[in-house]
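Trainee: I am new to this structure and should like to understand the terms used for it. May I put some questions to you?

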Amino acid sequence: MASVFENIADIVTRVFITHDRWRLWVTGLQNTLVITFFALLIGIVIGFMIAVVRVSHDTAGKPPIILKIPNALVKMYVTAIRGIPMMVQIMIMNFIIFAASRNLILTAIVAFGINSGAYVAEVFRGGILSVDKGQTEAGRSLGLSAPQTMRRIIMPQAIKNSLPALGNEFISLLKETSIMGVIGVMDITRAGNVIRGLTYDQSPLIFVAAAYLTLVIFLEFLVSKMEKRLKKSERPIVKNIDRKGSLFGLFKRGGTA
Amino acid sequence: MKRNPFYLLAVIAAILFLAACGRNNGAVEVNTLADLAESGVRIGVQLGTTGHDHAVNNFPQATIIPYDQPADAVLALLAGDVDALIMDSEPARNFVDRNAGRIRQLDELLTREGYGISFPLGSPYVARFNQALDTLRANGTLYGIMDYWIHNEPNASRYVSPPGTTHPNGTLIMGTSAGFEPFEFFEGTEIVGIDPDLARAIGDLLGYSITIMDMDFNGIIAAVQTGQVDFGMAGMTVNAERRQQVDFTQEYFLSGQSVIIPVR
């Protein structure tokens, strides 16, 4: 612990300035952000397709074989991804599946993308199912066919409903990528570990934590702004005039309203 | 106080926590090579190295703790998590210098070993690299590199490509594991050291430019076998086991396993 409270100038010199070590941090930051972003894109594509298959199968009265097989495959895929630790997944991807690949960043993007797809699928499934059944009924009764209702009425609302949870998935993915050093990719955590090894000083860990924390706080700020904007298009909530400053009447004295 | 199951859980957690705190009472003092044979001694090694093999084969009574990076093993020794480290002598000397006064090396070496450059079995590059190494030894470049990185000769310098060198034959990818000063380690975003310098010198002679790919030491041989890298150069000892997986060039550096202990 003593090394952390040393002269701050010495620490900053050792961690950032000597031998231009700040470049290592910049590379780490770039790799973390690039891999998270593209992995999320892949995850969204995969997750959306999975969600459509799952919801179509589950809402059909008697699902045809053309839905049954993909549904079974998709369920196995999601079970496998959710059942195997991410670190093991990325090692299998790098040492077995893409063993000859020289592009470690691409391997990482694919590994995290495939992993993210399983979780994003649940987000989209929830988003689709959360759209009121009345919307489907209204659409059909207006003469739209089932695919038209899906495409023009349900999906836009489903996607809107999924956006906050997708934002959270982005944040989770960002933190999950901290293990990619295990296949040699220079991310923020690995930059910190390399510098720890060169300086025999644990303070780089604090900077690694600060970096992730800053990114996550910023992303959470963006997510909450997005949620506020989405709420604007919904029906206004009638203010509860009983509240009088307590949390929905929970902590009111003298009994409930 | 209510009979609350969480109360019991908290008590159990507190007991476990306190038990974990008292972990440093297994320390064994190591002062000579013979002390490594004490029962219960904790020896730190780098995963997959010949030091690791030597420890496992010769000290069955010890607790062997492998680390992915040598620096992590050194940090463990400084923290008292292990009693001694077994590591290649040059990097060991480097770690000792960087932590002056807190750790030291025993004078005797446990083994004698040579480092080689690894290629896929049957590769035609082995003969060409051997010829290049002979040339570099004859014209003094090899000793110049060692003078700079190992002996810290004031007049020596890092390897620089001779002016007018071209690389018409393409690029070769070198697999290594940075973190093994002075053989390969990070300086800023670049990997520098004996192995990068020597590889570039060989590449210049043969007309190849060299790109360095960093990875786990333990994965280098597999990377050479699958073709993820063209050759492996990572302060890697030549031994019979590895010879079954890859072909090695001649040995370009003679080393040995040494023991690092804390200064008391």
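Trainee: Is the crossing of helix 2 of chain A and helix 5 of chain A left-handed or right-handed?

Mentor: This is a predicted model. In it, helix 2 of chain A and helix 5 of chain A cross in the right-handed sense.

Trainee: What makes helix 2 of chain A oblique to helix 5 of chain A?

Mentor: These two helices, the second of which spans residues 104-129, pack at an angle of about 45°, and their axes are 5 Å apart. Angles under 35 degrees would count as roughly parallel and those of 65 to 115 as roughly perpendicular. The angle of about 45° belongs to neither class, and therefore helix 2 of chain A is oblique to helix 5 of chain A.

Trainee: Which classes of residue make up the contact of helix 2 of chain A with helix 5 of chain A?

Mentor: That contact has 22 nonpolar, six polar and two charged residues.

Trainee: Why is helix 2 of chain A also called oblique to helix 7 of chain A?

Mentor: Helix 7 of chain A covers residues 146-176, and it packs against helix 2 of chain A at an angle of about 130°, with the axes 9 Å apart. An angle over 145 would count as roughly antiparallel, and 65 to 115 as roughly perpendicular. Since about 130° fits neither range, the pair is oblique. The crossing of helix 2 of chain A with helix 7 of chain A is right-handed. Helix 2 of chain A contributes Thr36(A), Ala39(A) and Leu40(A) to the contact, while helix 7 of chain A contributes Phe170(A), Leu173(A) and Leu174(A). Five of these residues are nonpolar, one is polar and none is charged.

Trainee: How many residues of chain A are in contact with chain B?

Mentor: There are 16 residues of chain A in contact with 22 residues of chain B. Helix 2 (22-59) and helix 8 (188-199) of chain A each supply at least two residues of the side of chain A that touches chain B. By class, that side has seven nonpolar, five polar and four charged residues.

Trainee: Let us turn to chain B. How do you know that strand 1 and strand 2 of chain B pair?

Mentor: Pairing requires at least two bridges, and five bridges join strand 1 (residues 42-46) to strand 2 (residues 63-67) of chain B, so the two strands pair. They run parallel, and Gly44(B) has Ile65(B) as its bridge partner in strand 2 of chain B. Between these strands the chain passes through helix 2 (residues 50-58) of chain B, in a right-handed β-α-β crossover.

Trainee: What makes strand 2 and strand 4 of chain B edge strands?

Mentor: They belong to an open sheet of five strands with the order 2-1-3-14-4 and mixed pairing. Strand 2 and strand 4 (103-105) of chain B each have a single partner strand, so one side of each is left without a neighbour in the sheet. Neighbouring strands of this sheet are turned by 30° against each other on average, direction ignored.

Trainee: How do you know that strand 1 and strand 3 of chain B pair as well?

Mentor: Two bridges join strand 1 of chain B to strand 3 (residues 84-88) of chain B. The requirement is at least two, so these strands pair, and they run parallel. Ile43(B) stands opposite Ala84(B) in strand 3 of chain B.

How values were computed:
Residues numbered from 1 in each chain as written. Chains lettered and ligands numbered in written order. Predicted model: local features only at pLDDT ≥ 70, side-chain atom pairs only at ≥ 80, totals over all residues. Helix = DSSP H or I, 4+ residues; strand = E, 2+ residues; numbered from the N terminus. Right-handed = clockwise from strand over helix to strand, strands pointing away. Contact = placed C-beta atoms within 7 Å. Nonpolar A, V, L, I, M, F, W, Y, C, P; charged D, E, K, R; others polar. Axes fitted to C-alpha atoms, helices over the stretch in contact; angles between N-to-C directions. Left-handed = near helix turned anticlockwise from the far one by under 90°.
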